[in-house]
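Please open the structure in the viewer and keep the selection tool at hand. The tour starts with a pair of elements and then moves outward.

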Amino acid sequence: VALWPGAAVGEILPTEERFFFLDHFLENAETFWEEGAAGALTSEVWTEEDATGRTRLLHALALWQEDRPLFLIRPVAIDQRTYQGVLQESRVLNLELHRLRKAADRREVMLHCIVHDLTTPLSGIRGCLELLDEDDLVLEEDGHELLSLGLRQVEKMRDLIQEVLASFGREGAAAAARGVDVQTVAEEVVATLGPLATVSHVQLRVETPAEGHWRTVGDAPRLERILFNLVENAIRHTAPDTEVVVRLRDEGGAVWCGVADRGSGVPDALAPRLFRKFVQGGEKQGKVGLGLYFCRVTVEGWGGTIGYQLAEGGGACFWFRLPCMPAE
């Protein structure tokens, strides 16, 4: 619900297009609602121009009303002196925004260069593995299989680098959804992470019903990255000499996939923030806290849902649900 000068009460406004200021406040509002905080969360005052070109002062509120989250935008009535002060602060913040954008542009260029430069050592690794694969070597049991696995992972890393480079030219584009077989991807991920599980003294397996429809909206590379994140996290957090199980369930119009471990689970205070950027927790932390965030935005981009629950028998179960691919 939004209150805007000249607009009818209750008119829904395109805030994501009209009010850039709200980008960060909406994230804070999401946290406020998830934590079920009392009272109201109020934004700073900002300025906008209405259809006539007149500058308006607005502020936003996030609150609960009858057990439902409510978001309000409304005008601020202040005296002329305060009004001029707000305008001056707005100009200062606008200059700071431009400075931050330039800094972000520089970091993006640097990231682009770093990702591009990764192709050189990766090409060297690929060449060495291919030469070993071509030579008539006497390897231990499973040696050729491990060599083949390494080559496949190099190819996937090369594809990932190309995808990251391509993403610079399609920033903000929706994730492709060509259709993918979840069972096939799950089995490939389990096979890929099998050596890591063995070294960690963890059993790793896929558990599926005898029959089911496993083709969902999505695409294989991103779904593989989602499962790779979830399974690798599970291996890292489960107790030694236990197992990590990837379970699939056909729910008719959707496929449910859960990755369950036998670790200590997620602390209650951390659970509501698991799928946000840069969130880490527990003794065995991840890398930079972006894995679960990537999983969330990708699954939701495909029209699915993702979450966390306690696993049966103890431990954590991270799950996602994707809609089945419609018939052509």
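Begin by selecting helix α6, residues 182-192, together with helix α8. In this predicted model, the two helices pack with their axes 9 Å apart, at an angle of about 50 degrees. An angle of about 50 degrees falls between the limit for roughly parallel, under 35 degrees, and the range for roughly perpendicular, 65 to 115; α6 and α8 are therefore oblique to each other. Their crossing is right-handed.

Next, display the side chains at this crossing. On α6, the residues to select are V182, V185, A186, E188, V189 and T192. They meet A220, L223, E224, L227, F228 and V231 of α8.

Now keep α8 alone in view, residues 220-237. Do its end C-alpha atoms lie at the distance expected for its length, or at a distance that disagrees? With 1.5 Å a residue, its 18 residues should span 26 Å, and the ends are 25 Å apart, which agrees.

Colour the buried residues of α8 as the following step. These are R222, L223, E224, I226, L227, N229, L230, V231, E232, A234 and I235. Among them, L223, E224, L227 and V231 also take part in the contact with α6.

Finally, show the whole chain, which has 9 helices and 11 strands. Of its 328 residues, 34% are buried. The accessible surface comes to about 20100 Å², and carbon and sulfur atoms provide 54% of that area. Among contacts with a separation of 6 or more, 63% join residues 24 or more positions apart.

Key:
Residues numbered from 1 in each chain as written. Predicted model: local features only at pLDDT ≥ 70, side-chain atom pairs only at ≥ 80, totals over all residues. Heavy atoms only, no water. Helix = DSSP H or I, 4+ residues; strand = E, 2+ residues; numbered from the N terminus. Expected span 1.5 Å × (residues − 1). Buried < 20%, exposed > 50% of the residue type's maximum accessible area, 1.4 Å probe, protein only. Contact = heavy atoms within 4.5 Å. Areas by Shrake-Rupley, 256 points an atom, 1.4 Å probe, with all protein chains shown as cover. Axes fitted to C-alpha atoms, helices over the stretch in contact; angles between N-to-C directions. Parallel < 35°, antiparallel > 145°, perpendicular 65-115°, else oblique. Left-handed = near helix turned anticlockwise from the far one by under 90°.
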